[in-house]
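These are my notebook entries from a walk through one chain. I wrote each one down as I looked it up, so feel free to follow along in your own viewer.

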Amino acid sequence: MTTTAPAPTPATDLDLRADLYIGGAWRPGSDGGRFAVLDPADGSRIADFAIASEQDCDDAVAAAAEALPAWSATAPRVRSEILRRAWEILTAEADRFAEIMIRENGKSTADAVAEARYATEFFRWFAEEAVRIPGDYRLSPAGDKRIVVTRRPVGVALLITPWNFPAAMATRKLAPALAAGCSVVLKPARETPLTAAYVVDVLERAGVPAGVVNLVTPQPTGPAVARMLAHPAVRKLSFTGSTEVGRTLLKECADRVVSASMELGGNAPLVVLASADLDTAVEGAFVAKMRNGGSACTSANRFYVHESVHDEFVRRFTARLEAVHTGPGSDPANDLGALVSLAERDKVAGLVETARQEGATLVTGGHPSASGAFYEPTLLTDVAHGSTINATEIFGPVTAVVRFSTTDEAVDAANDSEYGLMAYVFGEEREAVSVAQRLDVGMVAVNRGVVSDPAAPFGGTKQSGLGREGGFDGILEFLEEQYIALTA
Ligand code: NAD
């Protein structure tokens, strides 16, 4: 067993990779097919990415299975140093990292830079966690045996990620999986494979051995993923995406009792109490709503604002939205970039139309762009709790405000959802924390607009998911306990 990491290969000029990565080699799909990756700001074609065939997916799982024994036996310090090196490379190449996301996802420069930084930090955090995997040693209560508990990698892990945070959702899985000693097959979203391929390229340059990380992009996705989940070598699924697809995958995991971690959809309530400092509330709520253009599972979706501050909050928030510059993310002066596709733009437009038909008042915005996948920052008032827009994950720059009278009313409404990922509360801190504790969600931001931090446990209750990513829990999702009984 080596105790020092292999030297990194020299940095490349970072040409975009548009191929599969299997067993340590970049290659086209065995059927030769490719799909177009588009820039949602103008519809232009950025790349033709390789389609992974069934054979390619089988090969990727086989390569991961072959690489697993050596990788899981590699000293934690070595795994740690490789992850640390990935952090160093991504830190040095932060502009490049952000640029790829601006181009294929459409996000603004500020959002892309923020995501690049956030995504990169998972490698540093889990480099530090790789050498701190806990175990346990105890004498049994009866005194007849010694209880030794160790943790070992669960095995080959399939990682499936969405398009909205194409870098961070990948690194939030890759880093703990590799730290734990698992080998992986990464399947990114169709809209954003280039970011995933770039991260994999960085891992290769950081010294990850052949076969430990594999990248596949099958089309269509469903049958290929079902096939990989049926492969006897696959022992773990870590999925981030919609609740609808998560449900399907949980059923597929059931057939072979594959361990599943699920980061699913959200419908975050944002409560502004009468005691809120309105400057703090408007600024925090703006970030909670507009970060990533509203395309975030944590995005504030249902605004519940106390009647005593409602009109002033709406006035100030509207002014804030009307100051936003919308346009291609490649221009740093634009705060709001494109949605990921024309289909997403039209979905958001449809939700706003339905809200108006259901009685909501349009205060500002409400228009899709004539070309490109842009949608104006929009605010609706007189939204009814339980209306379509209130009950749907909007995933766009649309604020839908409900007025409330009592705190109990706001708490009941906030909890009245199948989702339980995230909530925001603005108000005097002690009161806001007591409201936070009554909310059935995995994460609450009090008087602030962002919670995400690699050092904190990210995840939801109810149909928002199973398990946690990041923090001390993230690595545990990729480890299994083994108890060995020794005679006392
Ligand atoms: P999605 O569920 O449509 O797709 C997610 C991934 O699953 C993609 O890679 C997609 O190709 C794949 N997929 C689609 N159908 C599949 C199938 N039948 N079998 C296997 N894989 C399949 O989600 P999306 O539109 O890419 O992302 C948006 C959703 O992700 C939102 O609901 C959002 O809330 C959620 N999300 C959750 C978190 C979280 O941490 N909880 C973070 C980001 C996004």
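Entry, a loop residue. I went to Asn 292 and found it in the loop between helix H9 (278-290) and strand E13 (300-306). I checked its backbone and got a positive phi of about 60°, although Asn 292 is not a glycine. A reminder to myself: this is a predicted model.

Entry, a cis peptide. Which bond joins Gln 219 and Pro 220? I looked up omega, which is about -5°, so I noted a cis peptide bond there. I placed Pro 220 in the loop between strand E9 (213-215) and helix H7 (221-230).

Entry, domains. The domain assignment splits the chain into domain 1 (10-264 + 464-487) and domain 2 (268-453). I took the centres over C-alpha atoms and found 31 Å between those of domain 1 and domain 2. On the contact itself, I noted 20 residues from domain 1 and 32 residues from domain 2.

Entry, buried area. How much area is buried between domain 1 and domain 2? I read about 1,900 Å², with carbon and sulfur atoms giving 56% of it. I then looked at who contributes on the domain 1 side: Trp 163, Phe 165 and Ser 464 supply 26% of the area that domain 1 buries against domain 2, more than any other three residues.

Entry, polar links across the domains. I counted 1 salt bridge between domain 1 and domain 2. I also looked up the side chains of Arg 247 and Glu 418, which meet in a salt bridge at 3.6 Å, N to O. For polar contacts between domain 1 and domain 2, the count is 10 residue pairs, both residues at pLDDT 80 or more.

Entry, what domain 1 brings to the contact. Helix H3 (94-105), helix H4 (109-130) and helix H8 (243-256) each give at least two residues to the side of domain 1 that touches domain 2. The largest share of that side, 3 residues, is from H4. By residue class, I have 7 nonpolar, 7 polar and 6 charged residues on the side of domain 1 that touches domain 2.

Entry, strand pairing. I followed strand E5 (residues 136-139) to strand E6 (residues 145-153) and found them antiparallel, joined by 4 bridges. Asp 136 stands opposite Val 149 in E6. E5 and E6 make a hairpin with 5 residues between them. In its turn I picked out Gly 143, whose positive phi is about 80°. Which way do E6 and strand E22 (residues 479-487) run, parallel or antiparallel? I found the antiparallel sense, with 9 bridges between E6 and E22. Here Thr 150 stands opposite Gln 482 in E22. A general note for the margin: side chains in a regular strand alternate between the two faces of the sheet.

Entry, Thr 461. I found Thr 461 in strand E20 (residues 461-462). What does Thr 461 contact, leaving aside its neighbours within four places in sequence? My list reads Tyr 419, Gly 420, Asp 440, Val 441, Gly 442 and Arg 468. I looked further at Asp 440, whose backbone oxygen lies 2.9 Å from a polar atom of the Thr 461 side chain. Last, I took the C-alpha to C-alpha distance from Thr 461 to Leu 90: they are 32 Å apart in space and 371 residues apart in sequence.

Conventions: Residues numbered from 1 in each chain as written. Predicted model: local features only at pLDDT ≥ 70, side-chain atom pairs only at ≥ 80, totals over all residues. Heavy atoms only, no water. Domains from an automatic or database assignment. Contact = heavy atoms within 4.5 Å. Buried area = accessible area lost by both parts, 1.4 Å probe. Salt bridge = Lys/Arg side-chain N within 4 Å of Asp/Glu carboxyl O. Polar contact = N/O pair within 3.5 Å; in protein donor to acceptor, adjacent residues only side chain to side chain. Nonpolar A, V, L, I, M, F, W, Y, C, P; charged D, E, K, R; others polar. Pairing = 2+ DSSP bridges.
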